[in-house]
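The exercises below each set a task and then work through a solution step by step. Please keep the sequence and the coordinates open while reading.

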Amino acid sequence: MPTNGTKRLLAPAALCAVALTTGGAALAAGGATISGAPIVKAGAAESGDTRVQATGDGSIGSDLSPGCWTDVQYWRLPLVAGDQIVVKGTATSPAYHFQVGLFPAGTTDKNINSKVAAVSVFPTRGTIRFNASKTGMYALVFGPGCYDSAEGPYNFTVSVTKKH
């Protein structure tokens, strides 16, 4: 498995390769920290690659969190209490056994280790559903699980049904 230093060296080469093969299209990525994470736009296709893009340390969340990651990428998701969220997507080979976690509103880089996430294995096909319990900025986390998993590309779309 590449170290974070190796990933940082590989990222510029991957960006150049994508720019050359896609006519300059930007390579999407989650953030290595919550504070630096991009905001998810409901209905927009998002993607990342934990193999070649910067990642955060996967030892996050409290002992009560059912998730266990090796490396993670963060995304921020603004929600209103009562919003219903559906996450659809895939982890693409060589990635497998990805997990997606939704940490509660107000989770920051400083307090994430005291927070409990709603976590689910990222499906090859299918959906993951969450309901927002309060209004705020939620931390959405993607990455390979601690056991029998591999890093790599993933993509997802978040649909949000607003509370009436």
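Two residues are in contact when heavy atoms of theirs lie within 4.5 Å. This is a predicted model, in which local features need pLDDT of at least 70 and side-chain atom pairs count only at pLDDT 80 or more, while totals for chains, interfaces and linings use all residues. Residues are numbered from 1 along each chain as its sequence is written, and side-chain values use heavy atoms, with hydrogens and water left out.

**Exercise 1. Describe the protein chain as a whole.**

Step 1. Begin with the secondary structure, where helices (H or I, at least four residues) and strands (E, at least two) are DSSP runs numbered from the N terminus. The protein chain has one helix and nine strands, and their order from the N terminus is α-β-β-β-β-β-β-β-β-β.

Step 2. Turn to the contacts: of those in the protein chain with a separation of 6 or more, 80% are made by residues 24 or more positions apart.

Step 3. Finish with burial, for which buried means under 20% relative accessible area, exposed over 50%, and partly exposed in between (1.4 Å probe, protein chains only). Of the 164 residues of the protein chain, 41% count as buried. Its accessible surface, obtained with the Shrake-Rupley method and a 1.4 Å probe, comes to about 8,200 Å², and carbon and sulfur atoms contribute 58% of that area.

**Exercise 2. Work out the strand order of the open sheet and the bridges that hold β9 in place within that order.**

Step 1. Two strands are taken as paired if DSSP finds at least two bridges between them. On this basis four strands form an open sheet in the order β1-β9-β4-β7, with antiparallel pairing.

Step 2. Look at the edges, where β1 (45-49) and β7 (127-131) each have a single partner strand, so one side of each is left without a neighbour in the sheet. From one strand to the next the twist averages 25°, the axes being lines fitted to C-alpha atoms and the angles running from 0 to 180 degrees between N-to-C directions.

Step 3. Follow the bridges of β9. Five of them join β1 to β9 in antiparallel fashion; Ser-47 has Asn-155 as its bridge partner in β9, and Ala-45 has Thr-157. Strand β4 (residues 84-91) is joined to β9 by eight bridges, again antiparallel, and Gln-84 stands opposite Thr-161.

**Exercise 3. Classify two of the aromatic pairs and place their rings in the chain.**

Step 1. A pair of aromatic rings is described by the distance of the centres and the angle of the planes. Rings of Phe, Tyr and Trp (its six-membered ring) pair if their centres lie within 6.5 Å, and planes under 30 degrees apart count as stacked, over 60 as edge-to-face and the rest as tilted. The whole structure holds six aromatic pairs.

Step 2. For Trp-69 and Phe-103 the ring centres are 6.2 Å apart and the planes stand at 40°, so this pair is tilted. Since Trp-69 lies in the loop between β2 (56-57) and β3 (71-79) and Phe-103 in strand β5 (residues 98-103), the pair ties together parts that are 34 residues apart in sequence. Trp-69 is buried at a relative accessible area of 3%, and Phe-103 is buried at 0%.

Step 3. For Phe-142 and Phe-156 the centres are 4.3 Å apart and the planes at 25°, so this pair is stacked. Phe-142 belongs to strand β8 (residues 136-144) and Phe-156 to strand β9 (residues 153-161), so the pair ties together parts that are 14 residues apart in sequence. Both Phe-142 and Phe-156 are buried, and they belong to one aromatic cluster with Trp-75, Phe-98 and Tyr-154.

**Exercise 4. Find the salt bridges and state how far their residues are exposed.**

Step 1. The criterion is a side-chain nitrogen of Lys or Arg within 4 Å of a carboxyl oxygen of Asp or Glu, and the count comes to two salt bridges.

Step 2. Asp-49 and Arg-51 form a salt bridge with an N to O distance of 3.0 Å; Asp-49 is buried at 9% relative accessible area, whereas Arg-51 is partly exposed at 32%.

Step 3. Lys-162 forms a salt bridge with Asp-83, the closest N and O atoms being 3.3 Å apart. Lys-162 lies in the segment after β9 and Asp-83 in the loop between β3 and β4, so the pair ties together parts that are 79 residues apart in sequence. Lys-162 is partly exposed, with a relative accessible area of 46%, while Asp-83 is buried at 0%.
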